[in-house]
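Okay, let's talk about aromatic rings today. Have a look at the model first, and then I'll walk you through the contacts.

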Amino acid sequence: MRRLMYEARAQLASPVRNPRTATVIGRLLGLAFLLCFGTGLYSHFLQQPLPWMTFPTRPAGLYQVTQGTHIVAGIACFPLLLAKLYVVFPQLFRYPPVTSFADFLERASIALFVGASLVEITIGLLNTYQWYPFPFPFRQVHFALAFVIIGSLLVHIGVKLPLIAAHWRAAPADGPEERHPVDTNAEDTAAVALAVTKVSTDEGLSRTGGITGRVLSYIDGAPDLPARTSRRGFLTTVALAVTAVVGLTAGQTLAPLDAANVFGPRKKGVGPQGVPVNRTSAQAKVATAALSADWVLTLAVGGTERVFSRAELAALPQTDVDLPIACVEGWSQMAAWRGVRLRDLVDAAGGSPDSDLRLISLEQRGGFKQTEMGSEYVRDPLTLVALELNGETLDLEHGFPARMIAPGRPGVLQTKWLSRIEAIDA
Ligand SMILES: Nc1nc2c(c(=O)[nH]1)N[C@H]1C(S)=C(S)[C@@H](COP(=O)(O)O)O[C@H]1N2
Ligand SMILES: [Mo]
């Protein structure tokens, strides 16, 4: 068994399968995961704030940037994670599989990390396409897995720290690492196995990453192949793959890349009034109520309730703002809105700008039929009850008769088809 496993590893030996490449890819992957984790937490708390939390309302495009980063970094994880798995794959054939309890914990943490990461990025990607073929709720699972990933990643980095530190910088061109054969062919196998046995008794094998390298340099007459060139080729391939998957999707949030947006689920400018729609009036079953002549917006922010018809809202002073819709699913789009400043409307209804608000839509079901807004957004002069979009009366799909639009918030909180606004603390 031992020999079989060594042979498997010898067969898989390649100059890209070494601790240096693992470190290079691992660093990028770690960075991508950290970006995803940070921006993901930000997005989570915007939607489910802890009681003491307030958020910056500026820059107005902040969420567009954080969530765009989340999706771009998440997509980059696909080639990076595959590359990392390719590099460390021979570790699967380590023998004995575990050497101590600590070693067991380390390997278990890696198994957990790999499994959780693959599920995390896959459901994340599917979510950007609003496709949920899995039998569990996306948000809760995506959130929980993030902690599994970061936790097991910390264990992994902690254990590998000496190896990472040793390979943080490239080895000198004539270092031993440069002398790995590209592949070990059939004739070599026996020699490698022998060499491995020799090394294993000499050195008490514990880490495969290092082993393969050390072992192979033990083989007499192992061909001196241009390992550095082949590593460079591998890293170039990975870089190209990252560039491709990012370049072909990032246009859904980064305007300059719009033309290259082939695979992004949303396209800038495509949709009523030039803005994409996530939830339609048909899905929300609001058309009848929204188009009814009886529609009024009720404000319950002062002692008494006040109602405003659409004509009354339109008769109040109007403000123009440019604000993006920035969806949690990663797409975003700048738009020109016109409507009544929320602050002024709350004031007109006898409320205080320091109250948090509950925004209730005409929608009877659906996760976002009602949302909450911290008073920092109420006070921001850019926050509107919008009546117009891009120079026209708000389309039904964009929330006619009136919708909320505020700076720095996720799309899910930009409540469409408003029906009622109430103070929460009152
Ligand atoms: N009432 C209601 N408002 C809603 C939603 C919803 O499901 N119901 N979806 C939100 C989401 S997820 C986004 S991204 C934005 C999209 O706004 P748009 O359709 O005008 O582009 O609307 C938000 N407003
Ligand atoms: Mo959204």
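What follows is a quick tour of ring pairs and of charges over rings.

Quick housekeeping: this is a predicted model, so local features need pLDDT of at least 70 and side-chain atom pairs count only at pLDDT 80 or more, while totals for chains, interfaces and linings use all residues. Residues are numbered from 1 along each chain as its sequence is written, chains are lettered from A and ligands numbered from 1 in the order written, and side-chain values use heavy atoms, with hydrogens and water left out.

So how many aromatic pairs do we get? The count is 10, where rings of Phe, Tyr and Trp (its six-membered ring) pair if their centres lie within 6.5 Å, and planes under 30 degrees apart are stacked, over 60 edge-to-face, the rest tilted.

One of them is F33 with F113, edge-to-face, with centres 5.5 Å apart and planes at 65 degrees. F33 lies in helix α2 (residues 19-47) and F113 in helix α4 (residues 101-128), so this pair ties together parts 80 residues apart in sequence. Both F33 and F113 are buried, meaning under 20% relative accessible area with a 1.4 Å probe, protein chains only.

Next, Y42 and F55: also edge-to-face, 6.1 Å centre to centre, 75 degrees between the planes. Y42 lies in helix α2 and F55 in the loop between α2 and α3 (62-88), so here the parts tied together are 13 residues apart in sequence. Y42 and F55 are both buried.

Then there's a cluster: ring pairs link Y132, F134, F136 and F138.

Methods: Helix = DSSP H or I, 4+ residues; strand = E, 2+ residues; numbered from the N terminus. Buried < 20%, exposed > 50% of the residue type's maximum accessible area, 1.4 Å probe, protein only.
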